Amino acid sequence: MVKCTACGAREAFYARLYSGEKLCVKCFTESIEDKVKAAISRHKMFEFNDRIAVAVSGGKDSLSLLHILVKIERDFPKASLCAITVDEGIEGYRDEAVEIALENYRELGVEHYVISFKELYGYTFDEIVKRVRGMGSKLTPCSYCGVLRRRALNAIARKINATKIATAHNLDDEIQTFILNIIHGDPFRISRSGPAFDDVKPGLVPRVKPLCEVLEKEVTLYAYVKGIRFQENPCPYAGEALRNDVRSMLNRLEEKHPGMKYMIYRSAERIREVFRDKTPKINLNQCKICGEPTIGEICQVCQILQNI
Ligand code: SF4
Ligand code: ZN
Ligand code: ZN
């Protein structure tokens, strides 16, 4: 039997190549929870009296995050935690995910809220895709789904007086976004897309990413060993081609050079630091149609809805 290198007692089940550790189930799950706690305190994500809304899609990342935050919250009696779920209206996919999310909320006894595209925008996402495709648009469904979902999360978080939204972006998501921003030559976006807000805007609930220092593979493993039920089927519209290629490239690099993903993550942090003071502050206006915060005159959500 190979012994766990952390406790020296139990049998190891996982070899963490980037650190050389061999971990038992208990030490592995504790190490993931510790990584989340460390990221929260390093980036000062929460105040002691925050009302935290965890954005839960029903996938492995968001449900693992919820389970971890529920555990951590016990140490912060003044903070309160709830879950918010957006039902985009994607038949055969999101309906199942919402059901799984609800099952987890009941098990954890978490206060929760579900908001649907249909009630917010008057259309399900399936209906929106049909209309956009009918107009011959070349935009990928994910590009407008992202805009509409961000608005929905912000709307529900504001309505329930949440002071932070915690999203489940993991380390792989973060470095993919970093590389994509380099490919697109967008330095200011690099400096604005860190794991925690640093620029509070009226009307926008600040977002934090407590899983930002955990590898995607380890989030999946955490969900499995904790017996968390999550949705495994991919979204029928998924497939942002370039991001997928960046993902495979990073996976190949990590396989050949364990620790590479963390190196890229730290490099992104250093670059963000350098750009921080040079990044122009964005002043938001109120959208002329819906009154929500926006960079231009009409927000992206109203533009999408007008077009369809
Ligand atoms: Fe929306 Fe794309 Fe995610 Fe599907 S994969 S839920 S379309 S962002
Ligand atoms: Zn151990
Ligand atoms: Zn608007």
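A donor, in what follows, is an N, O or S atom within 2.8 Å of the metal. Keep that cut-off in mind as we walk through this predicted model, beginning at one of its zinc ions.

The zinc ion called ligand 2 has four protein donors: the SG atoms of Cys4, Cys7, Cys24 and Cys27, which lie 2.3 Å from the metal. The angles that these 4 donor atoms subtend run from 100 to 116°, which makes the arrangement tetrahedral. For comparison, the ideal angle for four tetrahedral donors is 109.5 degrees. If you look for the donor residues in the sequence, you will find them spaced C-x2-C-x16-C-x2-C. Cys7 sits in the segment before strand 1 (14-16), while Cys24 belongs to the loop between strand 2 (21-23) and helix 1 (25-42), so this pair ties together parts that are 17 residues apart in sequence. The two cysteines also have their own surroundings: Cys7 is partly exposed, with a relative accessible area of 31%, whereas Cys24 is buried, at 1%.

Now turn to the other end of the numbering, where the zinc ion called ligand 3 is found. Its coordination comes from the SG atoms of Cys287, Cys290, Cys299 and Cys302, at 2.2 to 2.3 Å. This site is tetrahedral as well, with angles of 105 to 113° among its 4 donor atoms. Here the sequence spacing of the donor residues reads C-x2-C-x8-C-x2-C. Two of these cysteines, Cys299 and Cys302, are buried.

Between those two cysteines in the numbering comes Val301, a residue of helix 12 (residues 300-307). Val301 counts as buried because its relative accessibility is 4%, under the 20% cut-off. Which residues does Val301 touch, leaving aside those up to four places away in sequence? They are Tyr121, Val147, Leu148 and Arg151. With Arg151 the separation in sequence is 150 residues, yet the C-alpha atoms of Val301 and Arg151 are 7.6 Å apart in space.

With the zinc sites in view, we can step back to the whole protein. It holds 12 helices and 9 strands, and its C-alpha trace spans about 65 × 45 × 40 Å along the principal axes. A compact globule of 308 residues would have a radius of gyration near 19 Å, and the 20 Å of this protein agrees with that. Buried residues make up 47% of the 308. Contacts across the sequence are worth a look too: among those with a separation of 6 or more, 71% join residues 24 or more positions apart. On the outside, the accessible surface comes to about 16000 Å², and carbon and sulfur atoms account for 53% of it.

What about the interior? The largest nonpolar core has 52 residues, and the members that touch the most others are Val54, Val56, Leu66, Leu69 and Leu211. Helix 2 (residues 60-73) gives the most to this core, with 7 residues. Leu69 is a good place to zoom in: apart from residues up to four places away in sequence, Leu69 touches Ile40, Phe46, Val54, Leu81 and Ala166. A second, separate core of 33 residues includes Phe117, Ile128, Val132 and Tyr237.

We can finish our tour in the loops. Lys44 is placed in the loop between helix 1 and strand 3 (51-55), and although Lys44 is not a glycine, its phi is positive, at about 45°. Lys44 counts as exposed because its relative accessibility is 65%, over the 50% cut-off. Asn161 is another non-glycine residue with a positive phi, here about 60°. Its place is in the loop between helix 6 (141-159) and strand 6 (164-166), and Asn161 is exposed, with a relative accessible area of 59%.

The loop between helix 6 and strand 6 also holds Thr163, which counts as partly exposed at 35% relative accessibility. Beyond residues up to four places away in sequence, Thr163 touches Asp50, Arg51, Val205 and Pro206. Pro187, by contrast, lies 24 residues from Thr163 in sequence and 28 Å from it in space, C-alpha to C-alpha.

How values were computed
Residues are numbered from 1 along each chain as its sequence is written. Chains are lettered from A and ligands numbered from 1 in the order in which they are written. This is a predicted model: local features need pLDDT of at least 70, side-chain atom pairs count only at pLDDT 80 or more; totals for chains, interfaces and linings use all residues. Side-chain values use heavy atoms; hydrogens and water are left out. Donors are N, O and S atoms within 2.8 Å of the metal (3.2 Å for Na, K and Ca); water is not among the atoms, so sites may look incomplete. Four donors count as tetrahedral if all angles lie between 85 and 135 degrees; four count as square planar and six as octahedral if opposite donors are over 155 degrees apart and all others between 65 and 115; anything else is irregular. Helices (H or I, at least four residues) and strands (E, at least two) are DSSP runs, numbered from the N terminus. Buried means under 20% relative accessible area, exposed over 50%, partly exposed in between (1.4 Å probe, protein chains only). A nonpolar core is a set of buried Ala, Val, Leu, Ile, Met, Phe, Trp, Tyr and Cys residues joined through side-chain atoms within 4.5 Å. Contact means heavy atoms within 4.5 Å. The radius of gyration is taken over C-alpha atoms; the globule rule is 2.2 Å times the number of residues to the power 0.38. Accessible areas come from the Shrake-Rupley method with a 1.4 Å probe; for residues, only the protein chains shown count as cover.
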